[in-house]
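Me: I'm new to this and would like to learn how to read a structure. Please take me through it one feature at a time.

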Amino acid sequence: MMPKSSNSTKEMPATTHLDSIVLGAGCFWGAEKRYQAIPGVVDAISGYADGKNVSASYREITQRKNKYNEDNHAEVVKVIFNSAKVSLETILQSYYEGHDPTQLNRQGNDIGTQYRSTILTSNEQQNDIAQKVTAQYQTLLNDAGYGNIATKISSLSKFFEAEQYHQDYLAKNPNGYCPDHSTGVKFDADASKPGLASQKIDNTPLLTGKHIIVIESENYCPYCEKFKKNVANDYKGSIAINFRLASQLKGLTIKTETWATPTIIFIEDGEEVFGKQGYMSPDYFYKALGAFKLGKSEAFNVAFDEGTDSRFCKEYEIFKNTPDGVFIDKLSGAPLFDTDDRFNSASGWLSFTKAVDGSVIEKPDNRYGMVRTEIRSKTSGIHLGHVFPDGPNGQPRFCINATVLEFKAR
């Protein structure tokens, strides 16, 4: 017979490997997410520590009177980890690589003692490891031309857990950004695995014409991954998306602050036209791209204001007799209609019996006292036209605006 199991740790004949360290690296939202992504980290909890005579609450530490108060609490993260799976040294290396430890009482535009860089240890062994890793990183920073590390290493007196709305903040706020103040200096000197920051980037091609730049992080950035998944991975438009780190913009004229990832910038002839910090949804991205590529034009009016081409417009005359090929979304580059399905309806608009499978969505359109079915591009969401039941031989008639299309010969 097996003995009854017990949940009591006092009766458990095993060695626990859980340990924790408290780290301050500026705003705790992005730091918390980075630490959680480290294999072997069990949990990361946002909180406050290293202050005195100041209430450990977000409302109190952000008071104007405490902005430069040396007794103010710091925004910190308590990192709980399985020491059998990940070493404290590895965690501290990730900590230093994830922010700029040479900045005193700030990270980027976040200024004040609450944003100070600090390592709060629980015992002498942790202190020794922290001192060793700090010395190693200082050497790497010196070689890269950076100044002295301002990180304060001291013993943890008490950790105060932050308010619930601060916990897992980035997961709760899916349309934001990850603050990225990292220097790009890495501990791993393996030349066979160069980091993004060490790669040589030639921005000469970006000095001519229109381009899109997405500033990403060399560290883990969930909003960057979300943008790639929801937008970039399916994008095939004629204006190329270029991924860069904030340190890889040499030769370009950028006005938007680049400390958040992703930051998405539209440039023409090397100069920024429009930029936005943070994640862009597909709708937002394509509206911005439409303004950038189409400007104030009939095509923009059709795509985003549900307008209609003039009958027998210039683009219609060009597209009505093309060789074999595919008509694509003017913004996303996704295939929409095939010449094999084109027919002459004599209506003055391009007509097709079907769309490329999975390329469009249909929506009811009851405006102007009519009952119609609107057609939109699945990738970009732009308005394409309408579908009617009066095509040849009982087939549908997709009545499509030519100004929102481009053509690729087969």
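Reply: Let's start with pairing: two strands pair if DSSP finds at least two bridges between them. Strands (E, at least two residues) and helices (H or I, at least four) are DSSP runs, numbered from the N terminus. Now the ground rules: this is a predicted model, where local features need pLDDT of at least 70 and side-chain atom pairs count only at pLDDT 80 or more, while totals for chains, interfaces and linings use all residues. Residues are numbered from 1 along each chain as its sequence is written, and side-chain values use heavy atoms, leaving out hydrogens and water.

Me: Okay, let me try. In strand 13, which residue is the bridge partner of I215?

Reply: That's T263. Strand 10 (210-215) and strand 13 (residues 263-268) pair in the antiparallel sense, over six bridges. Strand 10 also runs parallel to strand 11 (residues 241-244), with four bridges joining them. There, I212 stands opposite I241.

Me: Why is strand 10 said to be largely enclosed by the rest of the structure?

Reply: It comes down to relative accessible area: under 20% is buried, over 50% exposed, and in between partly exposed (1.4 Å probe, protein chains only). Five of the six residues of strand 10 are buried, so the strand is largely enclosed. Now look at the loop between strand 9 (178-179) and strand 10, where you'll find T208. T208 has 58% relative accessibility, so it counts as exposed. T208 also shows how a chain can bring residues together: T208 and E271 are 63 residues apart in sequence, but 9.5 Å apart in space, C-alpha to C-alpha.

Me: How do I read a whole sheet? Which order do the strands take in the one that has mixed pairing?

Reply: Read across the strands, neighbour by neighbour: the order is 7-6-1-3-2-8, six strands in an open sheet. Strand 7 (152-155) and strand 8 (159-161) are the edges, each pairing on one side only. From one strand to the next, the twist averages 35°; angles like this run from 0 to 180 degrees between N-to-C directions, with axes fitted as lines to C-alpha atoms, for helices over the stretch in contact. Inside the sheet, strand 1 (residues 18-25) and strand 3 (residues 74-82) run antiparallel and are joined by six bridges. One pair to look up is I21, whose bridge partner in strand 3 is V79.

Me: Which strands of that sheet does helix 3 touch?

Reply: Touching, or contact, means heavy atoms within 4.5 Å. Helix 3 packs on the sheet against strand 1, strand 2 (41-49), strand 3 and strand 6 (117-121), and its direction makes about 15° with that of strand 1. Helix 4 packs there too, touching strand 1, strand 6 and strand 7, at about 150° to the direction of strand 6.

Me: At what angle do helix 3 and helix 4 cross?

Reply: Roughly 45°, and the axes of helix 3 (residues 88-97) and helix 4 (residues 124-143) come within 10 Å. In words, angles under 35 degrees count as roughly parallel, over 145 as roughly antiparallel, 65 to 115 as roughly perpendicular and the rest as oblique. Helix 3 and helix 4 are therefore oblique to each other. From helix 3 the contact uses L88, E89, L92, Q93, Y96 and E97; from helix 4, residues including I129, V133 and Y137.

Me: And the other sheet of six strands, in which order does that run?

Reply: That open sheet goes 17-18-22-21-20-19, with antiparallel pairing. Strand 17 (342-343) and strand 19 (360-365) each have a single partner strand, so one side of each is left without a neighbour in the sheet. Strand 22 (residues 397-400) is covered on both faces: R397 and C399 on one side, F398 and I400 on the other, all buried. Three bridges join strand 22 to strand 18 (residues 350-352), where S351 stands opposite C399. Four more bridges link strand 22 with strand 21 (residues 383-388), and I400 is the bridge partner of G385.

Me: Last one: what should I notice about the phi of N393?

Reply: Most residues other than glycine have a negative phi. N393 isn't a glycine, but its phi is positive, about 55°. N393 lies in the loop between strand 21 and strand 22 and, at 78% relative accessibility, counts as exposed. F312 also has a positive phi, near 55°, and sits in the loop between helix 8 (298-305) and helix 9 (314-319). With 40% relative accessibility, F312 counts as partly exposed.
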